[in-house]
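These exercises concern pairs of charged side chains, and each one is followed by a solution that goes step by step. Please look at the sequence and the model before reading on.

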Amino acid sequence: MQTHISALGTIMGIWAHPDDEAYLSGGLMALARANGQRVVCVTATRGERGTTDPVAWPPERLAAERALELADCLAVLGVHEHHWLDYCDGGCAAADAPAAIRRLAELVAQVRPDTVLTFGPDGLTGHPDHRAVSAWTGAAFAAAAPGARLLHATIAQRRAVPGDELGVYPPGYPVRTPDADLAVDLVLEPAVAAQKAKALATQATQTGALLAALGLDAYTAWVGEESFVEAARRTLDVVNAC
């Protein structure tokens, strides 16, 4: 099902690491901002452990670099409202969940979004930080967003993903959603897909290798679709799969 972006109203995305927001909702955010809608992005960690070379990128240095990259990325997308939660990368599952939920509920109450975007319970990739942020967001949404809509990022069943050799997803992921079950199903126009790819390219510590492996055209095509499912449906699907 295709949902017109304007129907989403004020949008608040709540994610675990820098680059989650752009990969999963960069086109949606850009389209919403072009419509004049308010878009607010929340990031739980600074992604300081997101490297295979911790000697070249010790956590403090990488955190600082990724913060700059995210600011550049959001600027390309036209998003100017951003909040850090400043949890440790890789440590969200062990964090004080009630405290995190209270912080998020306060932000949700301040923003008063019409639509909240986040991960589904499986975290899309199974990452513990993603799963924790999904749980926090669901609880904060229930407490502070009456009448709003909660959408979980997913991958449409029709969508191709890079091969396992690129290491984009761990075994068993992503769990795909049949096209008929999608609440938001975006196939980005070329200009918006190019804008999204440009935004992602600013996060070079995370995207540079994949961009080089795929090439710009293939990478742009790969990131050119975004899909979301209603939270209640995704939660039910995960429970039924257990």
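**Exercise 1.** In this predicted model, decide whether Arg 46 is buried, partly exposed or exposed, and find the acidic residue with which Arg 46 forms a salt bridge.

*Solution.* Arg 46 has a relative accessible area of 25%, and because buried means under 20% and exposed over 50%, Arg 46 counts as partly exposed. The partner is Asp 86, with the closest N and O atoms 2.5 Å apart. Asp 86 belongs to strand E3 (residues 81–87), whereas Arg 46 sits in the loop between strand E2 (39–45) and helix H2 (59–77), so that the pair links distant parts of the chain, 40 residues apart. Asp 86, at a relative accessible area of 47%, is likewise partly exposed.

**Exercise 2.** Determine which parts of the chain are tied together by the salt bridge between Glu 226 and Lys 196, and classify both residues by accessibility.

*Solution.* The two side chains meet at 2.7 Å, N to O, which is a salt bridge because the cut-off is 4 Å. Glu 226 lies in strand E8 and Lys 196 in helix H5 (residues 190–201), so this pair ties together parts 30 residues apart in sequence. Glu 226 and Lys 196 are both buried.

**Exercise 3.** Identify the salt-bridge partner of Arg 158 at 3.2 Å, and then name the network to which the pair belongs.

*Solution.* The partner is Glu 225, the distance being taken from N to O. Arg 158 is in the loop between strand E5 (149–156) and strand E6 (176–177), while Glu 225 is in strand E8 (residues 225–230), 67 residues apart. Arg 158 is partly exposed, with a relative accessible area of 36%. Salt bridges link Arg 158 and Glu 225 with Asp 179 and Asp 185 in a network.

Terms used. Residues numbered from 1 in each chain as written. Predicted model: local features only at pLDDT ≥ 70, side-chain atom pairs only at ≥ 80, totals over all residues. Heavy atoms only, no water. Helix = DSSP H or I, 4+ residues; strand = E, 2+ residues; numbered from the N terminus. Buried < 20%, exposed > 50% of the residue type's maximum accessible area, 1.4 Å probe, protein only.
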